[in-house]
Amino acid sequence: MNGPWDVRPVCTPRCAAHAAPPVPFSRRARRAAAFCGATGRALADGPRLADPVRLRTHARTLLAALGVGLDVQRADAAAPLAVGGAPSAPDTERKPGPLVAPGECAPGADGAPGTLVVLNHISWLDIVALLAVEPTTLLAKREVGRWPVVGGLARHAGTHFIDRTHPRQLPGTVRELAEVLAAGRSVAVFPQATTWCTADRGTFRRATFQAALDAGAPVRPVTVDYTQRGRPTTVAAFCGTDTFAASLRRVLAAGGLAVRITVHPALPTADRALDRRALAATAERMVLGPLATLPFAGRDPAGPLVIPPGPPYGQTAGA
């Protein structure tokens with residue numbers, strides 16, 4: 001039975017391929033041992049893993065164990081916000097992170113709503129990378145809670161799991177999401193409802209954008225993509241009938257793999273006459289458009305992504 005968020009997968013495990021020579025078996029074995037150790041330490045923290053500093057540190061340690069670099073940058077700035085595959089020193093200050101809309105402070109401060117962070121979806125690594133950048137509440141399909149490693153991290157991060165097979169639950173889910181945002185907590189969602197092998201495919205479902213409108217919460221579009229030695233790659237893709245074990249083996253063998261988080265300008269919703277269709281279309285164009293129209297070849301992988309021209313914010317194409 002299909003639910004309101006269900007999308008028939010188009011990409012398959014065959015889409016996943018290395019863009020650089022695999023690393024030697026000995027290095028894969030060391031990565032696997034480091035990943036198992038990091039996973040055990042993270043899950044052993046139990047409820048304490050919900051602490052944002054702990055969660056961020058564990059997520060960065062998992063990426064480092066896999067040999068995956070992390071590059072966070074703003075679409076309107078040339079310099080990356082963070083680079084490297086090793087865990088960074090915990091940020092103990094209660095200050096807005098790169099995914100929080102300008103002016104938003106600690107959750108609930110001054111009654112300000114949280115931010116709805118909307119991302120494209122390629123891999124289970126997306127969740128680890130997101131938590132490594134800025135631990136936030138996740139809205140995910142129920143199946144994610146059963147994924148090895150990622151499921152445990154997601155549960156301890158306070159993820160709201162949805163059952164996509166029951167359409168009648170959709171209005172209630174939107175209402176609960178609006179209440180979380182109105183209470184000052186930021187929420188991250190993957191509105192494509194399935195995974196794709198590259199960051200320029202798929203469409204955004206509109207339901208969760210209604211929650212942002214109801215709460216007057218800003219929407220922060222974010223693009224996730226993967227490179228190997230600076231070249232685009234699909235090796236991290238987790239699509240269709242793929243299994244976690246098969247995907248993990250590819251990641252362990254990937255040479256020079258890095259996940260790039262590109263943070264786009266926030267879209268304000270408070271006191272604006274918008275509908276969810278226009279809001280979703282604008283966010284979709286910002287997240288998918290740059291990589292769909294600009295080739296990687298010939299440009300600096302660490303440089304800015306340029307948002308292509310399109311209908312003005314608040315209007316849809318052909319409107």
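In this predicted model, R250 and D242 are joined by a salt bridge, with the closest N and O atoms 2.4 Å apart. R250 is buried, and D242 is buried as well. The pair is one of 4 salt bridges in the structure.

A further salt bridge links D225 to R260. Here the closest N and O atoms lie 2.6 Å apart. D225 belongs to strand 7 and R260 to strand 9, so this contact ties together parts that are 35 residues apart in sequence. Both D225 and R260 are buried.

D45 and R48 also meet through their side chains, at 3.0 Å from N to O. The two residues differ in cover. D45 has a relative accessibility of 8%; the cut-off for burial is 20%, so D45 counts as buried. R48 stands at 48% relative accessibility and therefore counts as partly exposed, since that class runs from the burial cut-off up to 50%. R54 joins D45 and R48 in a network of salt bridges.

Strand 9 is the next element to consider. It spans residues 257-263 and is mostly covered, with 7 of its 7 residues buried. Cover extends to both faces of the strand. L257, V259, I261 and V263 lie on one side. A258, R260 and T262 lie on the other. R260, the partner of D225 in the salt bridge, thus sits on the face shared with A258 and T262.

Strand 9 pairs with strand 1 and with strand 7. Strand 1 covers residues 69-74 and runs parallel to strand 9, with 6 bridges between them. Within this pairing, Q73 has T262 of strand 9 as its bridge partner. Strand 7 covers residues 219-228 and runs antiparallel to strand 9, with 7 bridges between them. Q228 is matched there with L257 of strand 9. The salt bridge between D225 and R260 connects these two strands through side chains, as D225 lies in strand 7 and R260 in strand 9.

Helix 3 is likewise mostly covered. It runs over residues 125-133, and 9 of its 9 residues are buried. The buried set comprises L125, D126, I127, V128, A129, L130, L131, A132 and V133. D126 is thus among the buried residues of the helix.

The largest nonpolar core contains 59 residues. L66, L70, W124, L125 and I261 have the most contacts inside it. Helix 3 gives the most to this core, supplying 8 residues. Another core lies apart from it and has 27 residues, including V118, L181, L213 and A215. Two of the residues with the most contacts in the largest core come from elements described above: L125 is in helix 3, and I261 is in strand 9.

Aromatic pairs were searched for across the whole structure, and 2 were found. W124 and F244 make up a tilted pair, 4.8 Å centre to centre, with 55 degrees between the planes. W124 lies in the loop between strand 3 (116-119) and helix 3, whereas F244 lies in helix 7 (residues 244-253), so the pair ties together parts that are 120 residues apart in sequence. W124 and F244 are both buried. W124 is also one of the residues with the most contacts inside the largest core.

F204 and F209 form a stacked pair. Their centres are 6.3 Å apart, and the angle between the planes is 25 degrees. F204 is buried, at a relative accessible area of 6%. F209 is buried too, at 0%.

The chain as a whole has 8 helices and 9 strands. Of its 319 residues, 51% count as buried. About 13900 Å² of the chain is exposed, and carbon and sulfur atoms supply 56% of this area. Contacts between residues at least 6 apart in sequence were also examined. Of these, 76% join residues at least 24 apart.

Conventions
Residues numbered from 1 in each chain as written. Predicted model: local features only at pLDDT ≥ 70, side-chain atom pairs only at ≥ 80, totals over all residues. Heavy atoms only, no water. Buried < 20%, exposed > 50% of the residue type's maximum accessible area, 1.4 Å probe, protein only. Helix = DSSP H or I, 4+ residues; strand = E, 2+ residues; numbered from the N terminus. Pairing = 2+ DSSP bridges. Contact = heavy atoms within 4.5 Å. Areas by Shrake-Rupley, 256 points an atom, 1.4 Å probe, with all protein chains shown as cover. Core = buried A, V, L, I, M, F, W, Y, C linked by side-chain atoms within 4.5 Å. Phe/Tyr/Trp six-rings, centres within 6.5 Å; stacked < 30°, edge-to-face > 60°.
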